[in-house]
Amino acid sequence: GYVPQEVFLFPHTISNNISFALNKSNKEQVFAAARNAAVYDNIQAFPHGFETTIGERGITLSGGQKQRVSIARAIIKEPNIMVFDDCLSAVDTKTEEEILSNLGKVMENKTSVIISHRVSSIKNADKIFVIDNGKIIESGYHEALLEQKGEYSELYEKQLLEEEEITE
């Protein structure tokens with residue numbers, strides 16, 4: 001499964017956009033994928049729920065809703081490998097945590113690659129690679145990288161300060 005940062009959605013129903021990759025799906029599969037992508041309640045709030053037709057490229061949805069519908073589309077396939085390419089950039093940190101927690105369960109014993117500029121998206125990964133100009137400059141798990149006091153640690157501190165400023 002692949003979830004890009006720049007989402008492509010079809011001018012069909014939300015349900016069809018989520019179940020696009022399957023030959024046959026049922027409502028429960030679509031609902032479960034939407035719950036795991038933390039978009040179920042948003043969809044239910046639309047006048048026609050999952051049968052709401054979205055405009056060209058999902059124009060009727062917010063950036064975060066588009067990303068979460070795309071995540072649901074990838075989840076519903078139940079792939080053994082998932083690649084998330086900065087696909088949580090348009091969601092708030094609370095929603096991000098919910099999605100990552102759900103993905104932890106959905107992707108148990110499977111491989112996930114998360115590409116992100118946000119440390120909060122990757123801090124629980126088994127292995128983190130810090131890449132600068134196409135080269136790996138640091139690697140390890142969250143705590144070890146913080147102890148190294150390198151690029152990862154600097155990025156973490158910077159993002160922590162930015163988060164604190166937002167909540168004040």
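**Exercise 1. Find what follows helix 4, then describe the helix.**

Solution. Helix 4 is followed by Glu78, which has a positive phi near 50 degrees. The structure is a predicted model, and the values below are computed from it.

Step 1: take the length. Helix 4 covers residues 63-76, which makes 14 residues. From its first C-alpha to its last it reaches 20 Å, close to the 20 Å expected at 1.5 Å a residue.

Step 2: check burial, for which the cut-off is under 20% relative accessible area. Of the 14 residues of helix 4, 12 are buried, so the helix is largely enclosed by the rest of the structure. Among the buried residues are Gly64, Gln65, Arg68, Ile71 and Ile76.

Step 3: identify the cover. The elements over the buried residues of helix 4 include strand 1 (2-3), helix 1 (14-18), helix 2 (27-36), helix 3 (40-44), strand 2 (81-85) and helix 5.

**Exercise 2. Determine which residues have the most contacts inside the largest nonpolar core, and which element gives the most to this core.**

Solution. Step 1: start with the core itself. The largest nonpolar core has 32 residues, and those with the most contacts inside it are Ile14, Ile18, Phe50 and Ile71.

Step 2: list the contributors. At least two residues of this core come from each of helix 1, helix 2, helix 3, helix 4, strand 2 and helix 5. Helix 4 gives the most, with six residues.

Step 3: look at Phe50. Beyond its neighbours within four places in sequence, Phe50 is in contact with residues including Thr13, Ile14, Ile18, Val30, Phe31, Tyr40 and Ile43.

Step 4: note the other core. Apart from the largest core lies another, of seven residues, among them Val119, Ile122, Leu145 and Tyr152.

**Exercise 3. Decide whether Thr13 and Thr95 are buried or exposed, and name their contacts.**

Solution. Step 1: place Thr13. Thr13 is found in the loop between strand 1 and helix 1.

Step 2: apply the cut-off. Thr13 counts as buried because its relative accessibility is 11%, and buried means under 20%.

Step 3: name the contacts of Thr13. Not counting residues up to four places away in sequence, Thr13 touches Phe50, Glu51, Thr52 and Thr53. Thr13 and Leu61 are 48 residues apart in sequence, and their C-alpha atoms are 12 Å apart in space.

Step 4: repeat for Thr95. Thr95 belongs to helix 5 (residues 93-106). With a relative accessible area of 14%, Thr95 is buried too. Leaving aside its neighbours within four places in sequence, Thr95 is in contact with Ala38 and Arg68. Arg68 is also one of the buried residues of helix 4.

**Exercise 4. Describe the largest cavity and the largest pocket.**

Solution. Step 1: count the cavities. There is one cavity of 30 Å³ or more. The largest cavity has a volume of about 40 Å³.

Step 2: read the lining of the cavity. The largest cavity is lined by Phe84, Asp86, Cys87, Leu88, Ile114, Ile115, Ser116 and Ser121. These lining residues divide into five nonpolar, two polar and one charged.

Step 3: turn to the pocket. The largest pocket has a volume of about 1,400 Å³. It is lined by 45 residues, of which Ile114, Arg118, Ser121, Ile122 and Lys123 are the closest to its centre.

Step 4: trace the lining of the pocket to its elements. Helix 5, strand 3 (111-115), helix 6 (119-122), strand 4 (128-132) and helix 8 (151-167) each supply at least two residues. Helix 8 provides the largest share, 10 residues.

Step 5: sort the residues of this lining by type. The lining of the largest pocket divides into 20 nonpolar, 13 polar and 12 charged residues.

**Exercise 5. Explain what is notable about the phi of Asn133 and of Lys149, and place both residues.**

Solution. Step 1: recall the general rule. Most residues other than glycine have a negative phi.

Step 2: compare Asn133. Asn133 is not a glycine, yet its phi is positive, about 50 degrees. Asn133 is found in the loop between strand 4 and strand 5 (135-140). At 75% relative accessibility, Asn133 counts as exposed.

Step 3: compare Lys149. Lys149 is not a glycine either, and its phi is positive, about 55 degrees. Lys149 lies in the loop between helix 7 (142-148) and helix 8. Its relative accessible area is 65%, so Lys149 is exposed.

Note on methods: Residues numbered from 1 in each chain as written. Predicted model: local features only at pLDDT ≥ 70, side-chain atom pairs only at ≥ 80, totals over all residues. Heavy atoms only, no water. Helix = DSSP H or I, 4+ residues; strand = E, 2+ residues; numbered from the N terminus. Buried < 20%, exposed > 50% of the residue type's maximum accessible area, 1.4 Å probe, protein only. Contact = heavy atoms within 4.5 Å. Expected span 1.5 Å × (residues − 1). Core = buried A, V, L, I, M, F, W, Y, C linked by side-chain atoms within 4.5 Å. 1 Å grid on protein atoms, 1.4 Å probe; cavity = no way out; pocket = protein on both sides within 12 Å on 5 of 7 lines; lining within 4 Å. Points joined across faces, edges and corners; volume = space filled by probe spheres on them. Nonpolar A, V, L, I, M, F, W, Y, C, P; charged D, E, K, R; others polar.
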